[in-house]
Amino acid sequence: MKSAARQPAFVECDSVEVHFGALPVIQGVSFSVSRGEVVAIIGPSGSGKTTLIRCLNHLLAPSAGTVRIAGETLGVRVGANGRLIKLPARKVAAQRRSIGFVFQRFNLFPHLTTLQNVMEAPVHVLGRPKTDARAVAEKHLARVGLADKADAYPRQLSGGQQQRVAIARALAMDPELILFDEPTSALDPEMVGEVLAVMRDLAAQGMTMLIVSHEMGFVREVADRVIMLDAGRIVEQGPPAEVFDRPKNPRTQAFLSKIL
């Protein structure tokens, strides 16, 4: 965990709400993240963690409120009358290019090799020549410890290896921010450590990250700040030592007492 002073906001989540029909899932959530900061989002199942993190790259459009990355509002622009106007899909896709997303279930293309999976977005989204994309893919596969698996297909890899390929794929887009949605939840326990080691290295190198995780030991070690979400609301946030050792909110106390 880094101890540097907070920098100006890079990610700004302002009064975000998400409703599924009449059901409120996210309720007035506001927070900010500085460049190079690692923020972990914790909370019980059903608290809205995955819904919230999907709003942060506009995989899910908020019902109300806004998300800004480096000062640019995702998914909408402000019209002359102050109303928010939806951006076309092409523009939203362009905004997402600087945001990596690592899913619970890897989402690798089964018919492509490891190397091809990592090359795919740089070639088809960024328009890079294949020779350049290959060099970038090889660099990031080496970075996650999988240089020797470049020609393997996803079915030939363990779950931990597949998730490390997914991280390499996100890194190949040169993201300014990476979002992790419970990246170890689909893994066998013995494979969790290899994925967390890669994430720990990214944090040490100053990558801005938001992490939804139940790995509390990892969160305590790596996060600069912890946000506790319950019933779609932030009920507590602060440095890991403060939230874990001296939780103030009764919901945080009850949640942590069951999992620590």
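# Reading helix crossings and strand pairings

Author: Let's start with a pair of helices: α3 passes α5 in a right-handed crossing. Keep in mind that this is a predicted model.

Reader: Fine. At roughly what angle do the axes of α3 and α5 cross?

Author: Helix α3 covers residues 114-124 and helix α5 covers residues 159-171; their axes come within 8 Å and cross at roughly 30°. Angles under 35 degrees count as roughly parallel, and that is why α3 and α5 go down as roughly parallel to each other.

Reader: Which residues of α3 and α5 make the contact?

Author: From α3 you have Thr114, Asn117 and Val118, and from α5 come Val165, Ala168 and Arg169. Sort the residues of that contact by class and you get 3 nonpolar, 2 polar and 1 charged.

Reader: Now burial. How many residues of α3 are buried?

Author: Here the cut-off matters: buried means under 20% relative accessible area. In α3, 8 of the 11 residues are buried, so this helix is largely enclosed by the rest of the structure. Go along the helix and pick them out: Thr114, Leu115, Asn117, Val118, Met119, Ala121, Pro122 and Val123.

Reader: What covers the buried residues of α3?

Author: The cover includes α4 (130-143), along with α5.

Reader: So α5 turns up again. At what angle does α5 pack with α6?

Author: About 20°, with the axes 8 Å apart. Run the angle through the reasoning we used before: α5 and α6 are therefore roughly parallel to each other. As for handedness, α5 passes α6 in a right-handed crossing.

Reader: And which residues in α5 meet which residues in α6?

Author: On the α5 side, look at Gly159, Gly160, Gln161, Gln163, Arg164, Ile167 and Leu171; they meet Met191, Glu194, Val195, Val198, Met199 and Leu202 in α6. The class split for this contact is 7 nonpolar, 4 polar and 2 charged residues.

Reader: Let me zoom in on one of those. Is Met191 buried or exposed?

Author: Met191 sits in helix α6. Its relative accessibility is 17%, so Met191 counts as buried. If you skip neighbours within four places in sequence, Met191 is in contact with Ser158, Gly159 and Gly160. Try the C-alpha distance to Gly160, too: 5.0 Å in space, with the two positions 31 residues apart in sequence numbering.

Reader: On to strands. What is the order of the open sheet?

Author: The general idea: strands of a sheet pair through backbone hydrogen bonds, either parallel or antiparallel. Here, the open sheet has 6 strands in the order β8-β9-β10-β3-β11-β12, and its pairing is mixed. Its edge strands are β8 (99-102) and β12 (233-238), each pairing on one side only. On average, neighbouring strands of this sheet are turned by 15° against each other, direction ignored.

Reader: In what sense do β3 and β11 pair?

Author: Parallel: strand β3 (residues 38-42) and strand β11 (residues 225-230) pair over 4 bridges. To place the register, find Ala40, whose bridge partner in β11 is Val226. Helix α6 (residues 189-204) packs on this sheet, touching β3, β9 (177-181) and β10 (208-212), and its direction makes about 145° with that of β10.

Reader: Which strands does helix α9 lie across?

Author: Helix α9 (residues 250-259) lies across β3, β11 and β12, and it runs at about 100° to β11.

Reader: How many bridges join β1 to β4?

Author: Strand β1 (residues 9-20) and strand β4 (residues 64-69) run antiparallel and are joined by 5 bridges. Strand β4 is also joined by 2 bridges to strand β5 (residues 72-73), again running antiparallel. For the register there, Ile69 has Glu72 of β5 as its bridge partner. Strands β4 and β5 form a hairpin with 2 residues between them, and Ala70 in the turn has a positive phi of about 50°.

Reader: Last one: what stands opposite Glu12 in β4?

Author: Arg68 does. Glu12 lies in strand β1, and its relative accessibility is 24%, so Glu12 counts as partly exposed. Leaving aside neighbours within four places in sequence, Glu12 is in contact with Phe31, Ser32, Thr66, Val67 and Arg68. Compare Pro24: 12 residues from Glu12 along the chain, with 21 Å separating the C-alpha atoms.

Note on methods
Residues are numbered from 1 along each chain as its sequence is written. This is a predicted model: local features need pLDDT of at least 70, side-chain atom pairs count only at pLDDT 80 or more; totals for chains, interfaces and linings use all residues. Side-chain values use heavy atoms; hydrogens and water are left out. Two strands pair if DSSP finds at least two bridges between them. Axes are lines fitted to C-alpha atoms, for helices over the stretch in contact, and angles run from 0 to 180 degrees between N-to-C directions. Contact means heavy atoms within 4.5 Å. Angles under 35 degrees count as roughly parallel, over 145 as roughly antiparallel, 65 to 115 as roughly perpendicular and the rest as oblique. A crossing is left-handed if the near helix is turned anticlockwise from the far one by less than a right angle, and right-handed if clockwise. Ala, Val, Leu, Ile, Met, Phe, Trp, Tyr, Cys and Pro count as nonpolar, Asp, Glu, Lys and Arg as charged, and the others, Gly among them, as polar. Buried means under 20% relative accessible area, exposed over 50%, partly exposed in between (1.4 Å probe, protein chains only).
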